[in-house]
Amino acid sequence: LCRKQCFAHFKELEELALANISQVDSRDSLLGYLRSLNNRRLHELAHHLNLLEPFGEAKHKSSFILEVIVSYHETRMSQMDEINAMPLYPTEEILWDENVVPNEFFSGEGCLALPK
């Protein structure tokens with residue numbers, strides 16, 4: 001969708017629109033292409049992508065607009081890859097982290113649920 005809008009409405013992003021998908025799926029490559037736009041053109045692009053309201057209603061910093069566009073279109077790690085990256089057995093860091101293992105209701109009589 002981003003590449004189609006760039007091709008149709010933003011001639012200065014023609015290189016992005018015609019690039020291979022593997023060249024524009026990372027955060028760094030997207031930032032490299034989009035940094036050439038000024039604040040108004042970035043806002044127009046975000047509006048064409050249905051991420052922000054029209055330019056006249058609100059003014060945002062270009063860093064915020066870049067972050068919105070890039071975070072929406074960058075490739076994320078799949079849930080399966082994230083689970084496989086976790087250790088099979090809990091580490092000492094996980095065992096003592098109360099945000100991961102809540103122990104306020106643990107009395108020692110039953111099993112304590114651990115992630116993965």
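The legends below accompany several views of a predicted model.

**View 1. The whole chain and its helical make-up.** The predicted chain contains 7 helices and 0 strands, and, when read along the sequence, these elements follow the pattern α-α-α-α-α-α-α. Of the contacts in the chain with a separation of 6 or more, 39% are accounted for by residues that lie 24 or more positions apart.

**View 2. The surface and the buried residues of the chain.** The chain has 116 residues, of which 25% count as buried. The exposed surface of the chain amounts to about 8600 Å², and carbon and sulfur atoms supply 53% of that area.

**View 3. The crossing of helices α4 and α5.** Helix α4 spans residues 39–48 and helix α5 spans residues 62–73, and their axes come within 10 Å of each other while crossing at roughly 30°. Because angles under 35 degrees count as roughly parallel, α4 and α5 are therefore described as roughly parallel to each other. The crossing in which α4 passes α5 is left-handed.

**View 4. The residues that join α4 to α5.** On the α4 side, the contact is made by Asn39, Leu42, His43, Leu45 and Ala46, whereas on the α5 side it is made by Ser62, Ile65, Leu66 and Ile69. Sorted by class, the contact of α4 with α5 comprises 6 nonpolar residues and 3 polar residues, with no charged residues.

Methods. Residues are numbered from 1 along each chain as its sequence is written. This is a predicted model: local features need pLDDT of at least 70, side-chain atom pairs count only at pLDDT 80 or more; totals for chains, interfaces and linings use all residues. Side-chain values use heavy atoms; hydrogens and water are left out. Axes are lines fitted to C-alpha atoms, for helices over the stretch in contact, and angles run from 0 to 180 degrees between N-to-C directions. Helices (H or I, at least four residues) and strands (E, at least two) are DSSP runs, numbered from the N terminus. Angles under 35 degrees count as roughly parallel, over 145 as roughly antiparallel, 65 to 115 as roughly perpendicular and the rest as oblique. A crossing is left-handed if the near helix is turned anticlockwise from the far one by less than a right angle, and right-handed if clockwise. Contact means heavy atoms within 4.5 Å. Ala, Val, Leu, Ile, Met, Phe, Trp, Tyr, Cys and Pro count as nonpolar, Asp, Glu, Lys and Arg as charged, and the others, Gly among them, as polar. Buried means under 20% relative accessible area, exposed over 50%, partly exposed in between (1.4 Å probe, protein chains only). Accessible areas come from the Shrake-Rupley method with a 1.4 Å probe; for residues, only the protein chains shown count as cover.
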